[in-house]
Amino acid sequence: MTSQPVPNETVILLPSNVISFSQAEKPEPTNQGQDSLKKRLQAEVKVIGVHSSLAGSILSALSAMVGFILLSVNLAALNPASLQCELDKRNISTRLLSYDAYNSPYTTDCYKAKASLAGTLSLMLICTLLEFCLAVLTAVLRWKQTV
């Protein structure tokens, strides 16, 4: 057996059923460093998401602008192409010695093609313009959200 030191002071033993001691809750380890890190990471992910959305909106606006320009050029070139179609069809009609070159089925095909292409290109132009406006609006809102 080993000898144990005996205290020089008086020790009073209190029975546990007479006096009740409230037990303090165990202090949980504080994770303030981890909590702040989580908050920073969540904020960073949110900022990255906003920036990528802003970049997507800007790219969408640029592609809509390019589409608008291409469709405008095609729509402007439609009338000369239609006139060329009519001239080519008249040449075919006169070569075939058609009696009525102006009302031949070849020239009506040019009118139908011009009308359908003009309608389709106009609708695409309107939709592209709408897409451009929405993309610019979204880019401005995302930009203000980051600032």
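**Three helices and one disulfide**

Let's start at one residue: Ala115 sits in helix α3. Ala115 is exposed, at 51% relative accessibility. The cut-off for exposed is over 50%. Now look across to Ser82. Between Ala115 and Ser82 there are 9.7 Å, C-alpha to C-alpha, and 33 residues of sequence separation.

A word on what we are looking at. This is a predicted model. Mean pLDDT for the chain is 76. Residues that reach 70 or more make up 61%. Which helix has the highest confidence, and which the lowest? Helix α3 is highest, at a mean of 88, and α2 is lowest, at 76. Keep that in mind whenever I talk about α2.

Now the overall layout. The chain has three helices and zero strands. Along the sequence the pattern reads α-α-α. Helix α1 covers residues 32–76. Helix α2 covers residues 78–95, and helix α3 covers residues 105–146.

How much of the chain is buried? Of its 147 residues, 14% count as buried. The exposed surface comes to about 12400 Å². Carbon and sulfur atoms supply 64% of that surface.

Next, contacts. Take those in the chain with a separation of 6 or more. Residues 24 or more positions apart account for 80% of them. I'll show some examples as we go.

On to the cysteines. How many disulfides does the model have? The count is one. The partners are Cys85 and Cys110, with their sulfur atoms 1.9 Å apart. The cut-off for calling a disulfide is 2.5 Å, so this pair qualifies. A disulfide is a covalent bond between the sulfur atoms of two cysteines.

What does this bond join? Cys85 is in helix α2 and Cys110 is in helix α3, so the bond ties together parts 25 residues apart in sequence. And the hand? The torsion about the S-S bond of Cys85 and Cys110 is about -75 degrees, so the disulfide is left-handed.

Are the two partners buried or exposed? Cys110 is buried, at 2% relative accessible area. Cys85 is partly exposed, at 25%. The buried cut-off is under 20%, so Cys85 misses it.

Two further cysteines to mention. Cys127 is partly exposed, at 46% relative accessibility. Cys133 is also partly exposed, at 44%.

Back to Ser82. Ser82 belongs to helix α2. Ser82 is buried, with a relative accessible area of 6%. What does Ser82 touch? Leaving out residues up to four places away in sequence, Ser82 touches Cys110 and Lys114. Cys110 is the disulfide partner of Cys85.

Now helix α1, and two serines in it. Ser57 is one of them. Ser57 is buried, with a relative accessible area of 8%. Which residues is Ser57 in contact with, beyond four places in sequence? They are Ala135, Thr138 and Ala139. Arg142 is another residue to look at here. The C-alpha atoms of Ser57 and Arg142 are 8.5 Å apart, across 85 residues of chain.

The second serine is Ser72, also found in helix α1. Ser72 is partly exposed, with a relative accessible area of 27%. Its C-alpha atom is 8.7 Å from that of Ser122, with their positions 50 residues apart along the chain.

Last topic: the record. An unreviewed UniProt entry lists residues 47–73 and 121–141 under "transmembrane region". What does the model show over residues 121–141? That stretch is 100% helix and 0% strand. Its end C-alpha atoms are 30 Å apart.

To recap. The chain has three helices and zero strands. One disulfide, Cys85 to Cys110, has its sulfur atoms 1.9 Å apart. Ser57 contacts Ala135, Thr138 and Ala139, neighbours within four places set aside. Ser82, on the same terms, touches Cys110 and Lys114. That's my tour.

Conventions. Residues numbered from 1 in each chain as written. Predicted model: local features only at pLDDT ≥ 70, side-chain atom pairs only at ≥ 80, totals over all residues. Heavy atoms only, no water. Helix = DSSP H or I, 4+ residues; strand = E, 2+ residues; numbered from the N terminus. Buried < 20%, exposed > 50% of the residue type's maximum accessible area, 1.4 Å probe, protein only. UniProt positions renumbered as here; feature names shortened; annotations may be inferred. Contact = heavy atoms within 4.5 Å. Areas by Shrake-Rupley, 256 points an atom, 1.4 Å probe, with all protein chains shown as cover. pLDDT = per-residue confidence, 0-100.
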